[in-house]
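Let's take a walk through this structure together, with the model open beside the text. Have the sequence at hand as well, since we will hop between distant stretches of it.

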Amino acid sequence: MSASGIQSDGDGQTSTTCTGSDVAKTKLIFHSAQHQQTYEQQTSIVSLSPLASLPEADQGLFKLPQEISAPIFAITTGSTIFHPQGGGQPSDIGELLISQDGTQLTFNVLTVRTSATNSLVVLHFGHFATDPPPTQNFSGASVKQLVNPDKRQLFSRLHTAGHVLGAATRTLLEDKVENLDELKYKPEIQHAVDEMVSKDAEVRIAWWTKADFLRRGLGRLVPSDEDWRAIAIAVDEEGLEQPAEDGAVDDERTRIRVVDIVGSEVYPCGGTHVSSTKQCGKVTVKKISRQKGNSRVSYLVD
């Protein structure tokens with residue numbers, strides 16, 4: 001994709017000639033602690049491309065169960081508050097309100113994904129509310145991003161509840177039940193989850209170096225060197241970019257994002273979260289199964 005916007009090919013259809021390397025990195029606003037529940041922000045459009053013009057790998061990212069008759073586009077922006085699908089969390093949905101030359105157009109965001117051809121770019125898939133869709137160049141146009149707050153809140157509660165469930169089970173494994181068999185101890189797991197939710201423990205977002213993990217005795221959570229290089233970035237503890245003065249950034253000066261359930265457990269995680277365990281609401285352990293030595297727990301939030 002490029003910043004050239006969309007163009008008419010003369011038969012009423014739109015097309016664009018784009019490459020993934022042409023698109024600037026999308027700044028992930030939802031990664032910062034203060035924007036976990038931010039539902040709108042102003043930014044600008046970098047590119048807008050018809051689905052069919054994307055690389056095949058990126059086209060394959062758009063999969064929805066319902067039949068959509070409107071033409072599908074992918075929009076990239078300078079920054080985004082939309083959480084893309086991944087890491088066990090569904091995509092945010094919402095709207096993009098595009099302002100240009102005194103007019104405003106609504107773009108319905110159906111799903112958001114990280115580009116398969118450029119991991120630094122976030123693609124907002126959807127369609128225009130108008131029919132036929134506009135054909136002008138939107139590069140640089142102002143856009144207000146509106147995330148559906150009900151979905152974001154639900155996904156944040158579910159995501160945090162998953163960490164609470166993991167922490168509660170780990171507590172049972174280490175401190176309370178010898179030779180814990182999750183299949184036989186569902187009531188104990190449910191009780192431990194209820195206790196952790198009721199404590200209203202703070203859920204804190206931070207950015208840690210490898211040394212931070214080791215200092216806290218959490219070396220087991222440090223990703224492999226290969227994975228670290230793929231996900232770690234040069235930021236400070238608040239997630240603000242901190243490029244190295246000499247231009248070289250090594251593994252010891254980069255950080256990964258973690259979610260800290262204060263007093264209980266820490267997880268490397270890029271998802272959105274509520275600010276305390278009590279905000280998860282009632283978490284119900286539904287089913288526990290085991291396959292190939294791994295236990296799988298399904299759960300609901302009310």
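What follows goes from a strand in the interior to the aromatic rings, and then to the empty spaces.

Please keep in mind that this is a predicted model. A good place to begin is strand β12, residues 256-261. Six of its six residues are buried, so β12 is largely enclosed by the rest of the structure. In a regular strand, side chains point alternately to the two faces of the sheet. For β12, you can check each face in turn: I256, V258 and D260 lie on one side, R257, V259 and I261 lie on the other, and all of them are buried. Both faces of this strand are therefore covered, charged residues included.

Which strands pair with β12? One is β11 (residues 203-208), which runs antiparallel to β12 and is joined to it by six bridges. To find the register on this side, look for V203, which stands opposite I261 of β12. Another partner is β13 (residues 265-268), also antiparallel, with four bridges to β12. Here V258 is the residue to pick out, as it stands opposite P268 in β13. β12 and β13 form a hairpin with three residues between the strands, and in this hairpin G263 adopts a positive phi near 90 degrees.

Now let's turn to the aromatic rings. The model holds six aromatic pairs. Take F62 and F125 to start with: their ring centres are 5.6 Å apart and their planes meet at 45 degrees, so this pair counts as tilted. F62 belongs to the loop between α1 (56-59) and β5 (73-77), while F125 sits in strand β9 (residues 122-128), so the contact ties together parts that are 63 residues apart in sequence. Both F62 and F125 are buried.

Another pair is made by F107 and F128. What is the geometry of this pair? The arrangement is edge-to-face, with 5.2 Å from centre to centre and 75 degrees between the planes. This pair, too, links distant parts of the chain: F107 comes from strand β8 (residues 103-114) and F128 from β9, with 21 residues separating them. F107 and F128 are both buried. They also belong to a wider group, since F73, F107, F128 and F138 form one aromatic cluster.

A ring can also have a charge for a neighbour. The charged end of R216 sits over the ring of W208, at 4.1 Å from the ring centre.

While we are looking at contacts across the sequence, stop at Q145 in strand β10 (residues 142-147). Is Q145 buried or exposed? Its relative accessible area is 0%, under the 20% cut-off, so Q145 counts as buried. Q145 and L97 are 48 residues apart in sequence, and their C-alpha atoms are 6.6 Å apart in space.

Next come the empty spaces. Rolling a probe the size of a water molecule over the atoms reveals where space is left. The largest pocket contains about 1,200 Å³ of space. Its lining is made of 38 residues, and L28, H31, W207, I231 and I233 are the closest to its centre. The elements that contribute two or more residues to this lining are β3 (27-28), α5 (225-231) and β12, so the enclosed strand we began with turns up here again. By type, the lining residues divide into 18 nonpolar, 15 polar and five charged.

The second largest pocket holds about 410 Å³. Of the 20 residues that line it, G162, H163, L165, G166 and Y299 lie nearest the centre. At least two lining residues come from each of α2 (149-176), β13 and β15 (294-301), and α2 gives the most, with eight. This lining divides into nine nonpolar, nine polar and two charged residues.

Finally, look for a space with no way out for the probe. There is one cavity of 30 Å³ or more, and the space in it is about 30 Å³. H31, S32, A33, I205, W207, E237 and E238 line this cavity, and they divide into three nonpolar, two polar and two charged residues. H31 and W207 may look familiar, as they are also among the residues closest to the centre of the largest pocket.

Note on methods: Residues are numbered from 1 along each chain as its sequence is written. This is a predicted model: local features need pLDDT of at least 70, side-chain atom pairs count only at pLDDT 80 or more; totals for chains, interfaces and linings use all residues. Side-chain values use heavy atoms; hydrogens and water are left out. On a 1 Å grid over the protein atoms alone, a cavity is a set of points where a 1.4 Å probe fits but cannot get out, and a pocket is an open set with protein on both sides within 12 Å along at least five of seven lines; lining residues have an atom within 4 Å of a point. Grid points are joined across faces, edges and corners, and a volume is the space filled by probe spheres set on the points. Rings of Phe, Tyr and Trp (its six-membered ring) pair if their centres lie within 6.5 Å; planes under 30 degrees apart count as stacked, over 60 as edge-to-face and the rest as tilted. Buried means under 20% relative accessible area, exposed over 50%, partly exposed in between (1.4 Å probe, protein chains only). A charge sits over a ring if NZ of Lys or CZ of Arg is within 6 Å of the ring centre and within 35 degrees of the ring normal. Two strands pair if DSSP finds at least two bridges between them.
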